[in-house]
Amino acid sequence: MSNDTTDDTFDIPLVDARSVSVRFESQLILHEIDLRIPRGQTLAIIGESGCGKTVLMKTLVGLIRPHSGQVLFDGRDLVTMSPVELTRTRKRFGFVFQNAALFDSMSVFDNVAFPIRQHELADEDEIEARVMKNLAEVGLPAEVAKKRPAELSGGMRKRVGLARALILEPELVVYDEPTTGLDPIMSDVINELILATRRRYPVTSVVVTHDMRTARKVSNRVIMLYPRRRLEAGQSQVLFDGSPSGLDNADDRRVRQFVRGEAGERLSEMTRQKNTLTLSSATAIGCDHG
Amino acid sequence: MAGTTFRDDIDLDAPKPARLKNWISDWGGIVVDGVSTVGDITLFAHRMFVWMFTRLPQRGTMMINFYQVGVLSLPVVALTGTFIGMVLAVQSHHQFHLIGLESRLGVVINTSLVRELGPVLAATMLAGRVGSAMAAVLGTMRVTEQIDALTTMGADPIHYLVVPRFMACIFLIPALTIMADFMGIVGGYFYCVIILGIDHAAYLQNSSDYVSGYDLFTGIFKSIFFGGIIAIVSCYRGFNCEPGAEGVGNAATAAFVMSFVLILSIDLVLNIILDAVYYSIWPSQPSFL
């Protein structure tokens, strides 16, 4: 897979996935994916539901262990790392979950402070200053700090999740569907926050999304994954790898369909399935009567 | 086999050798699943013990779990203990009355309580109250990706979530068992002496003569194992919860059922061992009859 769409300065990849395959029981989700993410790049992974984009993202940060292949982070293989090394390396990751994944039993303040406390990196005064600063940076008032996650709206929860992911100023921030379930205005707020983070310090980001507006706005590289079950033998799961501006004129029809939000052959598939079902029901009834 | 019973896969129209093959393959699947679950739980427990002896969780995390397991369970365990004592008195009184040995009722009630019924019923009650809650909380955390969030922030979920719960259970379930025993003794005394009018002094004298320190030790010793079983099984079920509300419900139910069966099994094994130890130290003992 090429990475020629990025600046020349991004020579050494921060993340380098080599021939990564992931299998859940007998189901092969990802097959021999190669992906190099240079430092400072914002990569959007797009694709329809069930294509394996979240699995790929979790594999890149060591949450899912691939059944074959290597995932190098800054040159070190996450797959063969000892648990202690992996824990130390994870200080360099920030993860924004689809539904924020805030700890229900803690206040917003304690949620955001969790990574610093976990790694015992500061005293309580400094923790307070950093938490309040991060909450302000994602546009949340100080009163929110005392609330429980259950008392917040979806957009606020996402912003708290972002504040928590950024508290240790990680080198790699991973966003899982950051705008899913949000109204258009709040989606744009989240997009702007992703851009603001990139402006503030040289972070590398991976954004998993099927919101084309987010992909175009925040990323400087897009890859599109396709579900394996829909591929012919020998075809790559990565249908597109390039700049966001190249999406509309992509050579592959499936990429253009996805970008434009067209059902395409899925409609004929549905009609075919419906006809098959009707035919088998009629045959069954015929047999009963015969 | 998840989601189906082994019978669902059997094609009844298939020729006999094929049906036999299906049966063997399905039973084989059940055995493999069972062995795999035992292996998983063993590895889970091993990781928990490694963390427990390497680095203890922060004090705040421990205290919350101690409070939830110990303090919040106290009323229900005390109530259960009281009723066990009183029910034992009701059940035994008629038989003992027929042979004129009502004054020996305290021996039966208190021995049964401290050796067997106090620990087992307190553990059963706690498997329902504490174990199911643990499985449901951890299952919800799994489903809502909170466990993944812990991992991404460099916190080991077993160290952060399981070790405090395990320690709370092994320290506080024996303490709660002592409370259940005490309240059972009070309940039994109340029913026998106050309601049935059995002589107070004879009741207490017989109890103290025949209920030994070893009986009390047996009950408390077993409850440490019961606490460990409840914590490990419930946390394991929560960690391996299937997605959705049904998944969380199933995890809570499975945690209780599995804990209950294991409590009774371990109880049998420990009773055999502890009895063997007892009779090797004190070979002959007088009967209370």
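Start with Arg18(A), whose bridge partner in β4(A) is Gln70(A). That pair belongs to a longer run of pairing: five bridges tie β1(A) to strand β4 of chain A, residues 68–73, and the two strands run antiparallel. Bear in mind as you look around that this is a predicted model.

Strand β1 has another partner too. Eight bridges join β1 (residues 13–24) of chain A to β2 (residues 27–38) of chain A, again antiparallel. One place to spot this pairing is Arg23(A), which stands opposite Leu28(A) in β2(A). Follow the chain from β1(A) to β2(A) and you go round a hairpin with two residues between the strands. In that turn, Glu25(A) has a positive phi of about 50°.

Now move on to another sheet in chain A. Here six strands form an open sheet, and if you walk across it you meet them in the order β6-β7-β8-β3-β9-β10, with mixed pairing. Why do β6 and β10 of chain A each have one side left without a neighbour in the sheet? These two strands, β6 (93–96) and β10 (238–242), stand at the edges and each has a single partner strand, so there is nothing in the sheet to pair with on the other side. Neighbouring strands in this sheet are turned by 15° against each other on average, if you ignore direction.

Zoom in on two of the strands in that order. Strand β3 (residues 42–46) and strand β9 (residues 221–225), both of chain A, run parallel and are joined by four bridges. Look for Ile46(A), which stands opposite Met224(A) in β9(A). Over by β6, a helix comes into view: α5 (residues 154–166) of chain A lies across β6 and β7 (172–176) of chain A, running at about 175° to β6(A).

What about the nonpolar residues? In soluble globular proteins, nonpolar side chains tend to be buried together. The largest nonpolar core in this model has 145 residues, and the ones touching the most other members are Ile45(A), Val174(A), Met224(A) and Ile230(B). So which residues does Val174(A) contact, leaving aside its neighbours within four places in sequence? They are Met57(A), Val61(A), Phe93(A), Phe95(A), Val96(A) and Val206(A).

Next, see where the two chains meet. On this count, 15 residues of chain A are in contact with 11 residues of chain B. On the chain A side, α2 (83–90), β6 and α3 (108–118) each supply at least two of the touching residues. Helix α3(A) gives the most, with three residues. Sorted by type, the chain A side divides into nine nonpolar, four polar and two charged residues.

Chain B itself has nine helices and zero strands. Its C-alpha atoms fill a box of roughly 65 × 60 × 40 Å along the principal axes. Of the 289 residues of chain B, 41% count as buried. Take the contacts in chain B between residues at least 6 apart in sequence: 87% of them join residues at least 24 apart.

Finally, a word on confidence. Chain A has a mean pLDDT of 86, and 94% of its residues reach 70 or more. Over residues 1–10 of chain A, though, the pLDDT is below 50. Beyond near neighbours in sequence, that stretch has 18 contacts in the model.

Note on methods. Residues numbered from 1 in each chain as written. Chains lettered and ligands numbered in written order. Predicted model: local features only at pLDDT ≥ 70, side-chain atom pairs only at ≥ 80, totals over all residues. Pairing = 2+ DSSP bridges. Axes fitted to C-alpha atoms, helices over the stretch in contact; angles between N-to-C directions. Contact = placed C-beta atoms within 7 Å. Nonpolar A, V, L, I, M, F, W, Y, C, P; charged D, E, K, R; others polar. pLDDT = per-residue confidence, 0-100. Buried ≥ 20, exposed ≤ 12 C-beta atoms within 10 Å, placed from the backbone. Core = buried A, V, L, I, M, F, W, Y, C linked by C-beta atoms within 7 Å.
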